[in-house]
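Here is a short note to read beside the model. Please keep the structure open and check each point as you go.

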Amino acid sequence: MKTFNLLVRLIPAIIMLQTLFFKFSGAAESVYIFNSIGLEPWGRIGTGVLELIASIFLLIDRRAIWGAFLGIGLMFGAVVTHLFMIGVEVMGDGGQLFFMALATLICCAWILYQRRAEFSVILYSII
């Protein structure tokens, strides 16, 4: 189970880290997406920074819950944007970006579920 939990943390971290090159380099697909939703360039760069932070947290076991929480927020936004604004398929990618966002969302939700006791403690300490 330890190996599975590590894998569930690595998958979203790797997905988010590998998309950073496209966000920070201003790749045509990234620019197109953020232009379509009216957030180019600051939305693209800001999202990239937040995904970097989430990825780092996911790679640090003690901070994985924070990475998962941030990842859920980011990927929920990505999935909703794909479904209601830009479409599942973007520039002929066959839905690859959408499905990577969905996989990241599911993995982050699993982490939060697995660590729900820890999450409850954090939530109650804030309230």
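1. How many salt bridges does the structure hold? The count is five. Bear in mind that this is a predicted model. Side chains of opposite charge can pair when their charged atoms come close. The next points take some of these pairs in turn.

2. Start with Asp-61 and Arg-9. Their side chains meet in a salt bridge, with N to O at 3.2 Å. The pair links distant parts of the chain, 52 residues apart. Arg-9 sits in helix 1, which covers residues 2-25. Asp-61 sits in the loop between helix 3 (42-59) and helix 4 (64-86). Is each partner buried or exposed? Arg-9 has a relative accessible area of 12%, so it counts as buried, because buried means under 20%. Asp-61, at 41%, is partly exposed.

3. Stay with Arg-9 a little longer. Its side chain also reaches the backbone oxygen of Leu-59, at 3.4 Å. Which residues does Arg-9 touch, leaving aside its neighbours within four places in sequence? They are Leu-58, Leu-59, Ile-60, Asp-61, Ala-64, Ile-111 and Arg-115. Asp-61 is thus both a contact of Arg-9 and its salt-bridge partner.

4. The charges around Arg-9 go beyond one pair. Arg-9, Asp-61, Arg-115 and Glu-118 are linked in a network of salt bridges. Find these four residues in the viewer and trace the network. Arg-115 appears here and also in the contact list of Arg-9.

5. Next comes Glu-51 with Lys-23. They form a salt bridge, and the closest N and O atoms are 3.2 Å apart. Glu-51 lies in helix 3 and Lys-23 in helix 1, so the pair ties together parts that are 28 residues apart in sequence. Both residues are buried.

6. Arg-44 and Glu-40 make another salt bridge, at 2.8 Å from N to O. Where do the two stand on exposure? Arg-44 has 8% relative accessibility and counts as buried. Glu-40 has 23% and counts as partly exposed. The cut-off explains the labels: under 20% is buried, so Glu-40 falls outside that class.

7. Now turn to the rings. How many aromatic pairs does the structure hold? It holds four. A pair of aromatic rings is described by the distance of the centres and the angle of the planes. One of the pairs is Phe-4 with Trp-110: 6.1 Å centre to centre, with 80 degrees between the planes. That pair is edge-to-face. It links distant parts of the chain, with Phe-4 in helix 1 and Trp-110 in helix 5 (residues 96-114), 106 residues apart. Phe-4 is partly exposed, at 40%. Trp-110 is partly exposed too, at 31%.

8. Why is the pair of Phe-21 and Phe-22 edge-to-face? Their planes stand at 80 degrees, with the ring centres 5.4 Å apart, so the pair gets that label. An angle over 60 degrees counts as edge-to-face. Phe-21 counts as exposed, at 57% relative accessibility. Phe-22 is partly exposed, at 41%.

9. Last, look at Tyr-113. It forms one aromatic cluster with Phe-4 and Trp-110. A charged residue joins the picture here: Arg-116 lies over the face of Tyr-113, at 4.2 Å from the ring centre.

Terms used:
Residues numbered from 1 in each chain as written. Predicted model: local features only at pLDDT ≥ 70, side-chain atom pairs only at ≥ 80, totals over all residues. Heavy atoms only, no water. Helix = DSSP H or I, 4+ residues; strand = E, 2+ residues; numbered from the N terminus. Buried < 20%, exposed > 50% of the residue type's maximum accessible area, 1.4 Å probe, protein only. Phe/Tyr/Trp six-rings, centres within 6.5 Å; stacked < 30°, edge-to-face > 60°. Lys NZ or Arg CZ within 6 Å of the ring centre and 35° of its normal. Polar contact = N/O pair within 3.5 Å; in protein donor to acceptor, adjacent residues only side chain to side chain. Contact = heavy atoms within 4.5 Å.
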